[in-house]
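Here are my notes on the model you sent over. Have it open while you read, and check each point against the picture.

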Amino acid sequence: MWQSLHKKENLMKPSEKEKSPPPSDTQIKTLSRSVAPSRPAQLIEPILVEDYPLRARSEFFHNLTENVLGQPYQTPIIIARGRHAGPTLGITAALHGNELNGIRIIHHLLASIDLEKLHGSLLCAPIVNAPAFALGQREFADGVDLNHVFPGRQDGTPSQQYAYAFRKSFLPDCQYLIDIHTASEGRINTMYVRADLQSEEARRMAMLMNPEIILHGRSGDGTLRTAARNKGIVAITVEAGNPSVFQGHILYEGEQGIRNVLHALGMLEGDTQIHRTPVICKSSKWLRTTCGGLLETHCSLAQHIPKKGSVATALDPFGNIKHVYQAPFEGIVIGMAANPVATAGTRFCHLGQVGEPSVRASSADLPVVVS
Ligand SMILES: [Zn+2]
């Protein structure tokens, strides 16, 4: 064997060896090939409810950007069109891939609606961030928080392009949007709503969800809600419980809240039911530990805490008190860390600052949202 190889090598002329040196790692030979038909990289089809039948529920996967195999990332879409004319309410969930309650809120809501009585359409994306959902994680496939990169960019990073494609697909036909989230991993939340309280319609929609707390916010924060609001869509974010679980009471409250919105919009007959007076917060702050150790918390969700009230005590590994954390302002507990083990810098309490935002339009006798 050795001999035959040696002989073969000797047969090759020196000039032939020089002509074809081995390629380097960066010099990959181009093979001739036919061009496979493909769709343009960013051919984004807006989802228009009028393209789907009345008095029917349509389910399909909608193409967004492409994965490493050149296959489309697809997000599931459900369109429920009523018998009667009316507005389109968009409902989104799992924009963070491990936030599951909203998915089942959408399922339960749609299962309970009689399309013969519905005015308008429900346009639902139960798993917005399908790549993250498939990976069982919060962030998009590139490790980025998708709700920080809206409105997205057509020529941006993977998450920016996905956000761009989703926005261009989903928002054009929405007049209203409810974006359902949960706490992030390792944290627990009250049932609360984020909304621009300077918009009377958003305020009204937030109240109709019967949350424990409404947190004001309107800054350009890269969220889907802000992207929707910038398109003139009345939008709120519902923070529905905890991640990676289905919580029965949260599913019930979420479904009832959206049903309330449908009543107020005139999409379903029936009376709205406000059974809670939510605490209004003009802002909020995540309190962070300044030392490592074990945390004993002295508060619970939705608890009011006075300024300088004790929030948590940090213990060293021997059980000695290292530090007592106090509330920097009078507030209400919106969310908390579930894990008592903390390094310095760990977020452990989401404290809402109670009160109306400083500048806002008149709130006297809030109008019912009617399209
Ligand atoms: Zn979220």
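The points below go from the whole chain down to single residues.

1. First, the ground rules. This is a predicted model, where local features need pLDDT of at least 70, side-chain atom pairs count only at pLDDT 80 or more, and totals for chains, interfaces and linings use all residues. Residues are numbered from 1 along each chain as its sequence is written.

2. How confident is the predictor? pLDDT is its confidence in each residue, from 0 to 100. The chain averages 90, and 87% of the residues score at least 70. Residues 1-11 have a pLDDT below 50 and make zero contacts in the model beyond near neighbours in sequence. Residues 361-371 are also below 50 in pLDDT, but there the model has 22 contacts beyond near neighbours in sequence. A contact here is two residues whose C-beta atoms, placed from the backbone, lie within 7 Å.

3. On the overall make-up, the chain has eight helices and 17 strands. These are DSSP runs numbered from the N terminus, with helices being H or I of at least four residues and strands being E of at least two. Of the 371 residues, 40% are buried. Buried means that 20 or more other C-beta atoms lie within 10 Å of a residue's own, exposed means 12 or fewer, and partly exposed is in between, with C-beta atoms placed from the backbone. Take the contacts between residues at least 6 apart in sequence: 69% of them join residues at least 24 apart.

4. Have a look at α5, residues 158-170. This helix has 13 residues and reaches 18 Å from its first C-alpha to its last, close to the 18 Å expected at 1.5 Å a residue; the expected span is 1.5 Å times one less than the number of residues. Its buried residues are S159, Q160, Q161, Y162, A163, Y164, A165, F166 and F170. The cover over them includes strands β1 (56-66), β2 (72-81), β3 (84-93) and β4 (119-125).

5. Just upstream, check the loop between α4 (130-135) and α5, where P151 sits. The peptide bond joining F150 and P151 is cis, with omega about 10°. For context, most peptide bonds are trans, and most residues other than glycine have a negative phi.

6. Helix α8 (residues 248-264) has two helix partners worth a look. With α3 (residues 101-111), it packs at an angle of about 55°, the axes being 9 Å apart. Axes are lines fitted to C-alpha atoms, for helices over the stretch in contact, and angles run from 0 to 180 degrees between N-to-C directions. The α3 and α8 pair is therefore oblique; the bins are under 35 degrees for roughly parallel, over 145 for roughly antiparallel, 65 to 115 for roughly perpendicular and oblique for the rest. N101, R104, I105, H108 and L109 of α3 meet I250, L251, G254, E255, I258 and R259 of α8.

7. The other partner of α8 is α6 (residues 200-208): their axes come within 8 Å and cross at roughly 135°. That angle makes α6 oblique to α8 as well. R204, M205 and L208 of α6 make the contact with G257, N260, V261 and A264 of α8.

8. How many residues of α6 are buried? Eight of its nine are, so α6 is mostly covered. They are E201, A202, R203, R204, M205, A206, M207 and L208. Among the elements covering them are β5 (176-181), β7 (191-195), β8 (213-216), β9 (234-240) and α8. Just after α6, N210 takes a positive phi of about 55°.

9. Two more positive phi values deserve a glance. A94, in the loop between β3 and α3, has a phi near 55°, and it counts as buried, with 26 C-beta neighbours inside 10 Å. S244, in the loop between β9 and α8, has a phi of about 60°. S244 is partly exposed, with 14 other C-beta atoms within 10 Å.

10. Finally, V311 in strand β13 (residues 310-315). V311 is buried, with 23 other C-beta atoms within 10 Å. Leaving out residues up to four places away in sequence, V311 touches L287, T297, H298, C299, I305, Y325, Q326, A327 and C349. One of these, T297, is 14 residues from V311 along the chain, and their C-alpha atoms are separated by 6.0 Å.

Note on methods:
pLDDT is the predictor's confidence in each residue, from 0 to 100.
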